[in-house]
Amino acid sequence: MGQARIAVIGTGYVGLTTGACLASLGHRVTCVDVDEVKVARLAAGRVDILEPGLEELVSRGLSSGRLSFTVDSRRAVADAEGVFLCVPTPMGAGGAADLRAVEAVIAEVGDVLPGGCAVITKSTVPVGTARRIRELLGRGDVPVVANPEFLREGTAVADFLHPDRIVVGSDDESAARWVAGLYQELGAPNVITDAASAELVKYAANCFLAMKLSYVNATAELCERLGADIESVTEGMGYDRRIGRSFLKPGPGWGGSCLPKDTHALVQVAESVGFDFSLLSAAIVENIAQRDRIVAKIAEAVGGLAGARIGVLGLAFKAGTNDLRDSPALSVTAMLAAHGAEVIAYDPAVGGDLPGMTVVDDPYLTAKGSDGIVVLTEWDEFRRLDWSYLAELMHGESVVDTRNLLDPRTIRNAGLSWIGLGRPRQRLVTPA
Ligand code: NAD
């Protein structure tokens with residue numbers, strides 16, 4: 001396919017990555033956002049989210065003239081051949097996806113879309129949204145295409161440019177094939193299907209990952225009770241190609257901007273057609289239980305939370321991002337504070353004021369006078385801290401590693417006690 005004229009509405013993690021990457025593939029892209037400050041900063045080449053390679057792509061796009069930014073959505077779509085919707089679809093009342101931003105965009109631009117221009121949902125939207133958009137548009141000359149996005153925050157550009165697959169669904173097959181053609185150069189397998197199936201792929205995939213994580217967290221708990229080691233158990237499982245190695249690490253519960261809202265939304269979608277998706281509901285319940293277990297583990301490690309001073313390493317929902325949306329670290333720190341603990345936190349990508357804690361810009365400050373240290377995000381740099389120095393600064397001696405990130409021997413050699421998830425403490429430590 002040659003150069004296409006594209007508008008991208010919403011320039012957050014997904015929209016900005018989509019716009020910058022499509023421009024890098026040779027398309028002419030206008031990115032739109034309601035946030036005037038963001039648009040002005042992006043137009044000057046400034047990217048505020050932490051995504052390797054994104055700022056470079058944005059500045060290359062700007063200087064080539066293939067990428068531009070505006071707040072004027074009606075103008076941006078006026079000569080577009082395809083309009084990508086990349087606006088938020090947060091959790092709404094009762095857990096269902098809130099589609100107000102999608103509907104607002106359709107109301108705003110519906111009458112100025114050129115005939116034949118494809119409206120493409122890249123936001124995660126429930127099954128039936130393509131049909132609903134067609135109804136809202138009331139235009140037979142504008143095809144609607146579902147094209148869910150699978151990028152991960154922290155590796156968004158690499159994921160976009162090297163996707164495992166491109167999923168495109170529409171009841172207008174030629175529109176679906178046109179959208180798939182935009183990515184042709186990437187050489188990824190295409191799944192071209194109907195709109196409902198494409199919409200469901202995204203939820204089915206995310207919910208499967210959430211279930212896998214809940215499963216491994218529950219298995220880690222079982223390991224503790226049975227005296228088994230989750231590292232060996234998951235290693236043994238991961239060699240099985242039907243299972244695979246990824247998403248087999250226990251943690252403080254899954255979070256982030258997608259898994260919590262997408263699991264709730266799919267439970268709601270299932271309910272709306274009379275199906276009780278109890279398997280998925282159980283994964284959500286297990287995720288809440290995991291946070292409770294983490295807080296209980298910390299309380300036990302420091303001898304009670306009331307009045308305790310807890311140093312926290314990591315606030316982002318995962319390493320490699322500064323995104324705090326639905327971060328399990330924030331849920332855990334809020335619970336610690338609610339139980340009367342004082343929380344001093346450090347994250348390499350997060351600064352500023354956050355409720356219920358003091359955020360510091362030096363990891364060693366979290367240790368000063370602390371009764372315990374808790375690792376909540378798997379930033380690699382925490383492994384390389386001077387743990388002997390941290391031990392000197394601490395008042396207590398417990399390190400609760402909710403990511404099984406640290407080398408237990410390093411911690412033990414520093415005179416501290418390492419408490420991980422699903423790992424028998426005794427067998428891991430070098431005798432003093
Ligand atoms: P985001 O919050 O980072 O970005 C959304 C952007 O849309 C913001 O800049 C906001 O100002 C803008 N916006 C809101 N309403 C608008 C409107 N009416 N017109 C124009 N702009 C508007 O969100 P995100 O993380 O990029 O997620 C967007 C969608 O993509 C969601 O449905 C999400 O589930 C899905 N998704 C996200 C990821 C991810 O890793 N973040 C991955 C795959 C899919």
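**Entry 1: K122 and its partner**

I started at K122, which is buried with a relative accessible area of 2%. Worth keeping in mind as I go: this is a predicted model. I looked for what the side chain of K122 pairs with and found a salt bridge to E149, the closest N and O atoms being 2.9 Å apart. The two sit in distant parts of the chain, 27 residues apart: K122 is in the loop between β5 (118-121) and α6, E149 in the loop between β6 (144-146) and α7 (156-161). I then checked the other end for burial, and E149 also counts as buried, at 10% relative accessibility. Both values fall under 20%, so I log each partner as buried.

**Entry 2: S123**

Next I moved to S123, which lies in the loop between β5 and α6. Is S123 buried or exposed? I get a relative accessible area of 8%, so buried it is. I wanted to know what the side chain of S123 does in there, and one of its polar atoms lies 2.6 Å from the backbone oxygen of V87. Setting aside neighbours within four places in sequence, I list L85, C86, V87 and T89 as the contacts of S123.

**Entry 3: R132 and E103**

I went on to helix α6 and looked up R132. It makes a salt bridge with E103, with 3.4 Å between the closest N and O atoms. R132 is in α6 and E103 in helix α5 (residues 100-109), so this pair ties together parts that are 29 residues apart in sequence. On accessibility, I have R132 as partly exposed at 36%, and E103 as partly exposed at 28%.

**Entry 4: two domains**

Time to zoom out. The domain assignment gives me domain 1 (5-192) and domain 2 (194-432). Their centres, taken over C-alpha atoms, are 32 Å apart. I counted who touches whom: 31 residues of domain 1 are in contact with 27 residues of domain 2. The area buried between the domains comes to about 2200 Å², and carbon and sulfur atoms give 61% of that. Which residues of domain 1 lose the most area to domain 2? I noted T124, V127 and E153, which together make up 26% of what the domain 1 side buries.

**Entry 5: polar links across the interface**

I searched the interface of domain 1 and domain 2 for salt bridges and the rule finds 1. I also have the side chains of E153 and R325 meeting in a salt bridge, N to O at 3.4 Å. For polar contacts between the two domains, I count 11 residue pairs, both residues at pLDDT 80 or more. On the side of domain 1 that touches domain 2, the elements giving two or more residues are α6 (129-137) and β7 (166-169). β7 gives the largest share, 3 residues. By type, I split that side of domain 1 into 16 nonpolar, 9 polar and 6 charged residues.

**Entry 6: salt bridges overall**

Last, I ran the search over the whole structure and got 26 salt bridges. One I looked at is R383 with D380, whose side chains meet at 2.6 Å, N to O. I put R383 down as partly exposed at 45%, and D380 as partly exposed at 40%. I also noted a network: E221, R225, E286 and R293 are joined into one by salt bridges that share partners.

Technical notes. Residues are numbered from 1 along each chain as its sequence is written. This is a predicted model: local features need pLDDT of at least 70, side-chain atom pairs count only at pLDDT 80 or more; totals for chains, interfaces and linings use all residues. Side-chain values use heavy atoms; hydrogens and water are left out. Domain bounds come from an automatic or database domain assignment. Contact means heavy atoms within 4.5 Å. Buried area is the accessible area (1.4 Å probe) that two parts lose on being put together, summed over both. A salt bridge is a side-chain nitrogen of Lys or Arg within 4 Å of a carboxyl oxygen of Asp or Glu. A polar contact is a pair of N or O atoms within 3.5 Å; within protein, one must be able to donate a hydrogen and the other to accept it, and residues adjacent in sequence count only if both atoms are side-chain atoms. Helices (H or I, at least four residues) and strands (E, at least two) are DSSP runs, numbered from the N terminus. Ala, Val, Leu, Ile, Met, Phe, Trp, Tyr, Cys and Pro count as nonpolar, Asp, Glu, Lys and Arg as charged, and the others, Gly among them, as polar. Buried means under 20% relative accessible area, exposed over 50%, partly exposed in between (1.4 Å probe, protein chains only).
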